[in-house]
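User: Hi! Could you walk me through this structure?
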Amino acid sequence: MIGALFTFLLIGGGIIAYVVLHNDDTSQTLPEETAKNDALTDIGALYPLDTFTVNVLSDDGREHYLKTQMNLELNTAEVNPEIDKKKAELRDIIIGILSSKSMEEVSTEVGKEHLKKEITDQINLRLAEAKIKNVYFTDFVEE
């Protein structure tokens, strides 16, 4: 009786393990996952910028500083020569934007997203051929 029960459990466990481990139904990908994967493979050329360090104010009136590094994502697969020519101007624009912010504006996730959009919009106003699709912060330190 015990042997039969043991054999039944062993066979049942083997069948369950086989079904779980060999379930190859990968066609049920969620739409959000597909969109994220497509977005990651659809990244344009990245243009890395040197580190920015600027003073920012807090609500208490004390000065703090923000140190950040970023990559600009271009709308093409190759870096446009216009970006190289205007690098100093682009850095000046970014420094102006960063230093105009308060600590409270840049310390939240929503604030960082607004900052990315403002940088993208202001740079794109000054570019004739190349366009910025996105800004990626690779370092972001608030002190």
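Analyst: Happy to; we can talk about strands, then the core.

Analyst: This is a predicted model, where local features need pLDDT of at least 70, side-chain atom pairs count only at pLDDT 80 or more, and totals for chains, interfaces and linings use all residues. Residues are numbered from 1 along each chain as its sequence is written, and side-chain values use heavy atoms, with hydrogens and water left out.

User: Which strand does β2 pair with, and how many bridges join them?
Analyst: β2 (residues 52-57) is joined to β3 by six bridges, and the two run antiparallel. Strands are DSSP runs of E, at least two residues, and helices are runs of H or I, at least four, numbered from the N terminus; two strands pair if DSSP finds at least two bridges between them.

User: What stands opposite Phe52 and Leu57 in β3?
Analyst: Thr68 faces Phe52, and Glu63 faces Leu57.

User: How many bridges link β3 and β4?
Analyst: Nine, again antiparallel. Asn71 has Tyr136 in β4 as its bridge partner.

User: Back to β2: which side chains are buried?
Analyst: Phe52, Val54 and Val56 point to one face and are buried (under 20% relative accessible area, 1.4 Å probe, protein chains only). Thr53, Asn55 and Leu57 point to the other face and are not buried.

User: New topic: which residues touch the most others in the largest nonpolar core?
Analyst: Met70 and Ile123, out of 26 residues. A nonpolar core is a set of buried Ala, Val, Leu, Ile, Met, Phe, Trp, Tyr and Cys residues joined through side-chain atoms within 4.5 Å.

User: Which element gives the most to this core?
Analyst: α4, with five residues.

Conventions: Buried < 20%, exposed > 50% of the residue type's maximum accessible area, 1.4 Å probe, protein only.
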